[in-house]
Amino acid sequence: MSTAQPPVPVLPGTTGSELTAGKLPQRAVPAVYGVAALAAVGLALAGMNRALAIVLAAAVAGVFLVGWAWLVEGRRRAIDRLVTISVTSAFFAALAPLVSLVETVAVKGSARFDAEFFTSSMRNVVGEGGGAYHAILGTLIITGLATLMSVPIGVLTAIYLVEYGRGRLKTAITFFVDLMTGIPSIVAGLFAFAVFAIFFGPGIRMGIMGAVALSILMIPIVVRSTEEMLKIVPNSLREASYALGVSKWRTIVKVVLPTALAGMITGIVVAIARVIGETAPLLVTVGAITSVNGDPFNGRMSNLPVFSYDSYRSPGVPPEPYLQRAWAAALALIIIVLALNLVARLVYRRYGTHLR
Amino acid sequence: MPETELGQQIATGTAVATPDPSSRGGRTTHLRVKGLNVHYGDFHAVADINMDIAPNAVTALIGSSGCGKSTFLRSLNRMHELIPGARTEGLVELDGQDIYAPDVDPVLVRRKIGMVFQSPNPFPTMSIYDNVAAGIKLNGSRISRSELDGVVEWALKGASLWDEVKDRLKGPGAGLSGGQQQRLCIARAIAVQPEVILMDEPASALDPIATQAIEDLLLELKKDYTIVIVTHNMQQAARASDYTAFFNVGPDGPPGRLIEFDTTQKIFGAPSNEQTAAYVTGRFG
């Protein structure tokens, strides 16, 4: 057994054969970008626009690296580096607005991000003080109701489309779901307003109206994401279940849905995050109010997007406290969405199924 | 063995006396196929199959790809009906009862005629234990925990997997090796106590050692079950089966037809059909 010696590994470059090729120093990439970063800081301090300095330094560093690689490593590796640098730069370019947005909201919102903001409403508040308790409560109630309405409809629709639907009806439903995805949110709001106006007369404002408007926006997203998750459940699992003499409905409930569950929850959270910041439909259906209203079936309800919009559009005198509250409301909204996403991630990690 | 509702009759609402399994040795036919034709929409997949499948024996279906042997296998427990547009003509009888009769529920057919698939497909959300118990639990049977434990152990022993997994029954089924997963699927199939087990190339995704284990298992399983197996491996058919059916498509393409059906010894030793001889000696296919 032990007679065979392990062959000595012959790595390219160690023998001086035709397998060798030039290579940039090991830390060339971090070194070049390190210099570029310093240069960017220098340019910014010298008075250049911050973003422009970063873009300029990164572009010069990229061109320099590709050129250097071309000279030392040859054409193929230079192109490889060019593509790597382009892809990575595109990623950072896409990230830039997000970082900038979070930074702006965090800086401007932190001024009024205090305990009072979360515990008091705007009732009888003029100028400084006050808070968005009523708006946070309203947002949670309206979005919660919208979720309660859209998830059953959306999930059952997706189950129909994937497991039962055939022919024209399936095509038609798919088409209309696609169409619903494109509905402008203000149209959904006006629709909800019109429906309730038929029964309660014009000028009606209720939290549930906002929930209906939001669920119209949510349903297509829930249908689409659930559909995708159900589609990637391997057919072999359904077959395995049928072959055990399990009925179709039980197969769906006990085999297909558990397998897809984690992905479905992620999709639902994405849908919630999508509608929780909707302003226009809530503006026309639930309006705004300064005091706490926890009853979605009775009267106006405040909510974070409209609160933020209202405070910004028509601030009092002096305007500063109103603007600060608007930014704090935006920050609270972002944090709620972030928290929802984190919960979805945890659910996925805990219960996620690895499909082959 | 614990009594479960799984032993109920195929035909819904009709009480037909169940044949005593031990008496099956006296009979020569367990599944009888007469004039079977399967269409998928306009596509005629298999034509005019007549075959009597013997009880407590392994019947191998061989033939080149696309000759309809998998379709035929699936038509034996109506699994092919999952494909939209599937139509079946002819007769398939399980102990004399037509499984395509109008009052027969295909779900109940599949409780008597189980199936094992080409690539192992344990349920990824379930543990090893739950995978084996799936057929019982998913059917809503209410048997006690200790009875279920007994069935799971019995099924895993039947699939020669018990010794390898008895210490990690709560572990995920997907964590087993490919060969173990396939035996887990066999355990899952026999846990619902079927009479017939259909196997669609059960060893084609496995290495030779795992294949050997499955073939050894076939010899054990046929004492209690009737087994029909599709295989592309002619040595496997020769080694493990008692009867062999050779399928082929005509020169004009589908439908696939049953060319020759006989004892394995005859098919591989002295086939009476020229095509069969050419196929089993490796001259085509």
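**Exercise 1. Classify B:Asn56 by its surroundings and describe its backbone.**

Solution. B:Asn56 has 17 other C-beta atoms within 10 Å and is therefore partly exposed, where a residue is buried if 20 or more other C-beta atoms, placed from the backbone, lie within 10 Å of its own, exposed if 12 or fewer, and partly exposed in between. The model is a predicted one, in which local features need pLDDT of at least 70 and side-chain atom pairs count only at pLDDT 80 or more, while totals for chains, interfaces and linings use all residues. Residues are numbered from 1 along each chain as its sequence is written, and chains are lettered from A and ligands numbered from 1 in the order in which they are written. Next, the backbone: B:Asn56 has a positive phi of about 50 degrees although it is not a glycine. The residue sits in the loop between strand 2 (43-53) and strand 3 (58-62) of chain B; helices (H or I, at least four residues) and strands (E, at least two) are DSSP runs, numbered from the N terminus.

**Exercise 2. Carry out the analysis for B:Ser160, and then locate the cis peptide bond at A:Pro318.**

Solution. For B:Ser160, phi is near 55 degrees, a positive value in a residue other than glycine. The loop that holds B:Ser160 runs between helix 4 and helix 5 (162-165) of chain B. Since B:Ser160 has 18 C-beta neighbours inside 10 Å, it counts as partly exposed. In chain A, the peptide bond from A:Val317 to A:Pro318 is cis, with omega near -5 degrees, and A:Pro318 belongs to the loop between helix 12 (304-313) and helix 13 (320-351) of chain A.

**Exercise 3. Determine how helix 3 and helix 4 of chain B pack, and which residues meet.**

Solution. Begin with the geometry: helix 3 (residues 128-138) and helix 4 (residues 145-158) of chain B pack at an angle of about 110 degrees, with their axes 10 Å apart. Axes are lines fitted to C-alpha atoms, for helices over the stretch in contact, and angles run from 0 to 180 degrees between N-to-C directions. Helix 3 and helix 4 of chain B are therefore roughly perpendicular to each other, given that angles under 35 degrees count as roughly parallel, over 145 as roughly antiparallel, 65 to 115 as roughly perpendicular and the rest as oblique. Then the residues: from helix 3 of chain B come B:Tyr129, B:Val132, B:Ala133 and B:Ile136, which meet B:Leu148, B:Val151, B:Val152, B:Ala155 and B:Leu156 in helix 4 of chain B. By class, this contact has nine nonpolar, no polar and no charged residues, with Ala, Val, Leu, Ile, Met, Phe, Trp, Tyr, Cys and Pro counted as nonpolar, Asp, Glu, Lys and Arg as charged, and the others, Gly among them, as polar.

**Exercise 4. Describe the side of chain A that touches chain B.**

Solution. First, 20 residues of chain A are in contact with 22 residues of chain B, two residues being in contact if their C-beta atoms, placed from the backbone, lie within 7 Å. On the chain A side, helix 9 (235-243) and helix 10 (248-276) are the elements that give two or more residues, and helix 9 of chain A gives the most, with seven residues. The residues of this side of chain A divide into nine nonpolar, seven polar and four charged.
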